[in-house]
Amino acid sequence: MTDYLAAAIAMLGPAENRYADPAAWDRLHTELDIRLPTDYQTLVDAYAPIQLNGHLYLHHPATEHWNLGDWIRGTVRAWSEVSWDKLDPDEDPRLLFGLSELSFGTRNGLWPIASTDRGETLFLVAADDTAPWILIEDGEGGWARFDMSFAEWLYRYLIGEDMAGPNTSAFYPGPVQLCRLPMTADERPEPWSGPDRGM
């Protein structure tokens, strides 16, 4: 069985853990009243705030800029304002995935954990802590469900699978491209490449 956390880290390169801070995670979990998955925390601590392969953004709970808590709260607010009762049944995630309700930032609701510059938003469905799953909105009203950990989702995303629905692959051959996000107005993004992965 594949260790997807180790496989994702192998593609991204050595963990930097520049902002790793258990207290920041504790504060975030207390505020949200949920615990984000350990593999997600490990990957965020290892690399975030970062942009991966030119599209995927990960925020961090211990930074002032690109702060994960601020981003989650803002995203929850925006999604909570959507009028879900006006959706076409083919686009209603409640009907597509058997959700009794659609709420954001609630104990049994959807929690945004990552996004792309293509408009895709990844949500953790935390209704069952023992087996959380990922629901993705593709930026155009389409939804996709992935019954897997964040580490597995990220690994599959990086190797070029359609991880936000049909025809959504963002594969780039060669090493994964990483870009440190600027933390002050004077800083610039810092791009670099992960290790060779034979792709």
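The exercises below work through the strands, helices and some single residues of a predicted model.

Local features are given at pLDDT of at least 70 and side-chain atom pairs at pLDDT 80 or more, while totals for chains, interfaces and linings use all residues. Residues are numbered from 1 along each chain as its sequence is written, and side-chain values use heavy atoms, with hydrogens and water left out.

**Exercise 1. The sheet**

Task: State the order of the eight strands in the open sheet, and find which strands stand at its edges.

Solution. Step 1: Strands (E, at least two residues) and helices (H or I, at least four) are DSSP runs, numbered from the N terminus. Two strands pair if DSSP finds at least two bridges between them.

Step 2: The order is β6-β5-β4-β3-β2-β1-β7-β8, with antiparallel pairing.

Step 3: β6 (143–146) and β8 (190–193) are at the edges; each has a single partner strand, so one side of each lacks a neighbour in the sheet.

Step 4: From one strand to the next, the twist averages 30 degrees. Such angles run from 0 to 180 degrees between N-to-C directions, and axes are lines fitted to C-alpha atoms, for helices over the stretch in contact.

Step 5: For the edge strand β6, the pairing with strand β5 (residues 133–137) is antiparallel and has four bridges. L135 has R145 in β6 as its bridge partner.

**Exercise 2. Strand β3 and its partners**

Task: Describe how strand β3 (residues 110–116) is covered, and how β3 pairs with β2 and β4.

Solution. Step 1: Buried means under 20% relative accessible area, exposed over 50%, and partly exposed in between (1.4 Å probe, protein chains only). In β3, seven of seven residues are buried.

Step 2: Strand β2 (residues 56–58) runs antiparallel to β3 and is joined to β3 by two bridges. L56 faces T116 in β3.

Step 3: With strand β4 (residues 121–125), β3 forms five bridges, again antiparallel. L110 is matched with V125 in β4.

Step 4: β3 and β4 make a hairpin with four residues between them, and G119 in the turn has a positive phi of about 95 degrees.

Step 5: S115 belongs to β3 and is buried at a relative accessible area of 13%. Contact means heavy atoms within 4.5 Å. Beyond neighbours within four places in sequence, S115 is in contact with H55, L56, Y57, W71, E120 and T121.

**Exercise 3. Two helices in contact**

Task: Work out how helix α2 (residues 22–32) and helix α4 (residues 68–80) are arranged.

Solution. Step 1: Their axes come within 10 Å and cross at roughly 20 degrees. This makes α2 roughly parallel to α4. Angles under 35 degrees count as roughly parallel, over 145 as roughly antiparallel, 65 to 115 as roughly perpendicular, and the rest as oblique.

Step 2: The crossing of α2 past α4 is right-handed, that is, the near helix is turned clockwise from the far one by less than a right angle (anticlockwise would be left-handed).

Step 3: On the α2 side, W25, L28, E31 and L32 take part, and they meet L68, G69, I72 and R73 in α4. These contact residues divide into five nonpolar, one polar and two charged. Nonpolar covers Ala, Val, Leu, Ile, Met, Phe, Trp, Tyr, Cys and Pro; charged covers Asp, Glu, Lys and Arg; the others, Gly among them, are polar.

**Exercise 4. Covered helices**

Task: Find how many residues are buried in helix α3 (residues 38–47) and in helix α6 (residues 150–158).

Solution. Step 1: In α3, eight of ten residues are buried: D39, Y40, Q41, L43, V44, D45, A46 and Y47.

Step 2: In α6, seven of nine are buried: F150, A151, E152, W153, L154, Y157 and L158. G160 follows α6 and has a positive phi, near 100 degrees.

**Exercise 5. Two buried residues**

Task: Locate M163 and A144, and list what each touches.

Solution. Step 1: M163 sits in the loop between α6 and β7 (177–180), and is buried at a relative accessible area of 3%.

Step 2: Leaving out residues up to four places away in sequence, M163 touches I136, F146, M148, W153, R156, Y157 and T168. The C-alpha atoms of M163 and V176 are separated by 16 Å, with the two residues 13 apart along the chain.

Step 3: A144 is in strand β6 and is buried at 9% relative accessible area. Again not counting residues up to four places away, A144 touches F97, I134, L135, I136, A164 and G165. A144 and L122 are 22 residues apart along the chain, and their C-alpha atoms are separated by 9.7 Å.
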